[in-house]
Amino acid sequence: MKICIISDSHDNRRLMALAVEDALGRGAEAVLHCGDVVAPTTLRALQKFALPVHVIHGNNTGDMFNLSRLGAEEGSVIRYYGQDAEIELGGRKIFIVHYPHYARAMACTGDYDLVCCGHDHRAEIRHVDNVSGSQSLMLNPGTVGGVGAPPTYIMGDLETMQFEVCDVPAAPNELTNLTRVASHTSERGG
């Protein structure tokens, strides 16, 4: 099962939708949002993709009441969990939380195949030593909303446990939340 992991959209519907559309083109079957949606109506931009969206709130909570109502609407793809979530997708145990320090702590337990976070707007794929003597995977997709950093998301495959940080495919030199979006380049020279 392939998933799209986003965080810190901060009401930027357009960049969030561009990221999910790009991930859908790469085979995404679900979206994990690691918080800082702010206005719940921002998530309506994802309804058209018909992918389940698992979301927590973060520190810029906005209207949690209406976020929970959005998740309860008939036909909604939104699944709202509150401040954190423990879910299972593709046979993998996943923990979603906004804060990296909380995510590191949960990764250290060894109870999860994957721990996802956001908050600091720094995209990172990291292996964390856990109490069982192995390592847990901790993912931070950065800011899909382009707040203080270029907009990014993580695309991953739960079967192979392979993940990559992806740039949101926005136009070069577009201003987004006071951050200039650079041209997309990859390590493969693309």
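Student: What percentage of the contacts with a separation of 6 or more do residues 24 or more positions apart account for?

Tutor: This is a predicted model. Take the contacts in the protein with a separation of 6 or more. Pairs of residues 24 or more positions apart account for a share of 56%.

Student: What radius of gyration does the protein have, and what would a compact globule have?

Tutor: The C-alpha trace spans about 45 × 45 × 30 Å along its principal axes. The chain has 190 residues, so a compact globule would have a radius of gyration near 16 Å. The protein agrees with that, at 15 Å.

Student: How much of the protein is buried?

Tutor: Start with the outside: the protein exposes about 8,700 Å², and carbon and sulfur atoms supply 47% of it. Residues count as buried when their relative accessible area is under 20%. Of the 190 residues, the buried share is 49%.

Student: Which strands are the edges of the open sheet?

Tutor: The protein has 3 helices and 13 strands. Of the strands, 6 form an open sheet with mixed pairing, in the order β4-β3-β2-β1-β10-β11. Neighbouring strands in this sheet are turned by 20° against each other on average, direction ignored. An edge strand pairs on one side only, and that describes β4 (78-80) and β11 (162-167).

Student: In β2, which residue stands opposite Ile-3?

Tutor: Strand β1 covers residues 2-6, and β2 covers residues 30-33. The two run parallel and are joined by 4 bridges. Opposite Ile-3 stands Ala-30.

Student: Which residue in the turn between β10 and β11 has a positive phi?

Tutor: β10 and β11 pair in the antiparallel sense, over 6 bridges. Within that pairing, Thr-152 stands opposite Asp-167 of β11. The two strands form a hairpin with 4 residues between them. The positive phi, about 60°, belongs to Met-161.

Student: Which element gives the most to the largest nonpolar core?

Tutor: This core has 29 residues, and Cys-4, Ile-6, Val-20, Leu-43 and Tyr-153 touch the most other members. At least two residues each come from β1, α1, β3 (53-55), α2 (64-72) and β10. Helix α1 (residues 13-25) lies across β1, β2 and β10 (152-157), at about 165° to β1. The top contributor, with 7 residues, is α1.

Student: How many residues does the second, separate core have?

Tutor: In soluble globular proteins, nonpolar side chains tend to be buried together. Here a second core is separate from the largest one. It includes Ile-3, Leu-114, Cys-116 and Leu-139. Its residue count is 19.

Student: Is His-33 buried or exposed?

Tutor: His-33 is found in strand β2. Beyond its neighbours within four places in sequence, His-33 is in contact with residues including Ile-6, Met-16, Leu-43 and His-54. Ile-6 in turn is in contact with Val-20 and Tyr-153, among others. The relative accessibility of His-33 is 0%, so His-33 counts as buried.

Student: What separates the C-alpha atoms of Cys-166 and Gly-25?

Tutor: Cys-166 has its place in strand β11. Its relative accessible area is 3%, so Cys-166 is buried. Leaving out residues up to four places away in sequence, Cys-166 touches Arg-26, Pro-151, Thr-152, Tyr-153 and Met-155. Cys-166 and Gly-25 are 141 residues apart along the chain, and their C-alpha atoms are separated by 13 Å.

Technical notes
Residues are numbered from 1 along each chain as its sequence is written. This is a predicted model: local features need pLDDT of at least 70, side-chain atom pairs count only at pLDDT 80 or more; totals for chains, interfaces and linings use all residues. Side-chain values use heavy atoms; hydrogens and water are left out. Two strands pair if DSSP finds at least two bridges between them. Axes are lines fitted to C-alpha atoms, for helices over the stretch in contact, and angles run from 0 to 180 degrees between N-to-C directions. Contact means heavy atoms within 4.5 Å. A nonpolar core is a set of buried Ala, Val, Leu, Ile, Met, Phe, Trp, Tyr and Cys residues joined through side-chain atoms within 4.5 Å. Buried means under 20% relative accessible area, exposed over 50%, partly exposed in between (1.4 Å probe, protein chains only). The radius of gyration is taken over C-alpha atoms; the globule rule is 2.2 Å times the number of residues to the power 0.38. Accessible areas come from the Shrake-Rupley method with a 1.4 Å probe; for residues, only the protein chains shown count as cover.
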